[in-house]
Amino acid sequence: MTTILLARHGQTDWNRDNRFQGHADPPLNDTGRAQAAELARALADESLDAVYSSPLRRAFETAEIAAAPHGLEPVPVDALREVDVGSWEGLTRAEIEQRFPEQFARWLDYGQGWNDGETYDEMGLRVIAALFELAAGHEGERILAVSHGGPVRAVYALADEITHAEARRRGPVVANAFVAKFAVEDGKLRRVD
């Protein structure tokens, strides 16, 4: 069995301003760095064998801060990036509602919002495949993977055998520096609550 601690990055100015980030690369702000330091403290007593991260700055910096007490360096994994939100990238919710009212209404109803970029299902497939690959390389070990809200919900969806839309609806809320625990064993992924 491999244990995966899956964390979301700390806050950026875009998070604070309710801007969709997707593949954009804003850094952590001071609040985000403090959240990453709190995550590091929360994980200080965990035994970690490796740390992986989305290569986007907000996730990678969070991973560096969380890995430091363990003497580990995070390894970037491209597949752990956030969902590509296409034309919504950089826009606030208010701007999206004004420019793309039908898409925004669909998204508020837990459906796919943007018409370009990447679907939640496409993102989920790449994230899940990456986590299974990492787990295969760390049989019997504990790893930390720092990613984004969309990927964390995708893993909950798989573990709970529900759709991504249902995972968004049910929660939990995946706040900045949120961490969840999953186990991969015999080709299956499950929650460890």
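This report covers helix 7 and strand 1 of a predicted model.

**Helix 7**

Helix 7 spans residues 149-160. Its twelve residues should cover 16 Å at 1.5 Å a residue, and its end C-alpha atoms lie 16 Å apart, so expectation and model agree. Nine of the twelve residues are buried, so the helix is largely enclosed by the rest of the structure. The buried set begins with G149, G150, P151 and V152. A154, V155, Y156, A157 and A159 are buried as well.

What do the buried residues of helix 7 pack against? Two helices are among the partners: helix 6 (120-136) and helix 8 (164-170). The strands are strand 1 (2-8), strand 4 (142-147), strand 5 (179-185) and strand 6 (188-191). After helix 7 comes E161, with a positive phi near 55°.

**Strand 1**

Strand 1, one of the elements packed against helix 7, is itself mostly covered: seven of its seven residues are buried. In a regular strand the side chains alternate between the two faces of the sheet. Here T2, I4, L6 and R8 point one way. T3, L5 and A7 point the other way. Both sets are buried, R8 included.

Strand 1 pairs with strand 5 and with strand 4, as tabulated.

| Pairing | Bridges | Direction |
|---|---|---|
| Strand 1 with strand 5 | six bridges | antiparallel |
| Strand 1 with strand 4 | six bridges | parallel |

Individual partners can be named on each side. I4 has F182 of strand 5 as its bridge partner. A7 stands opposite V146 in strand 4. Strands 4 and 5 are also among the elements that the buried residues of helix 7 pack against.

Conventions: Residues numbered from 1 in each chain as written. Predicted model: local features only at pLDDT ≥ 70, side-chain atom pairs only at ≥ 80, totals over all residues. Heavy atoms only, no water. Helix = DSSP H or I, 4+ residues; strand = E, 2+ residues; numbered from the N terminus. Expected span 1.5 Å × (residues − 1). Buried < 20%, exposed > 50% of the residue type's maximum accessible area, 1.4 Å probe, protein only. Contact = heavy atoms within 4.5 Å. Pairing = 2+ DSSP bridges.
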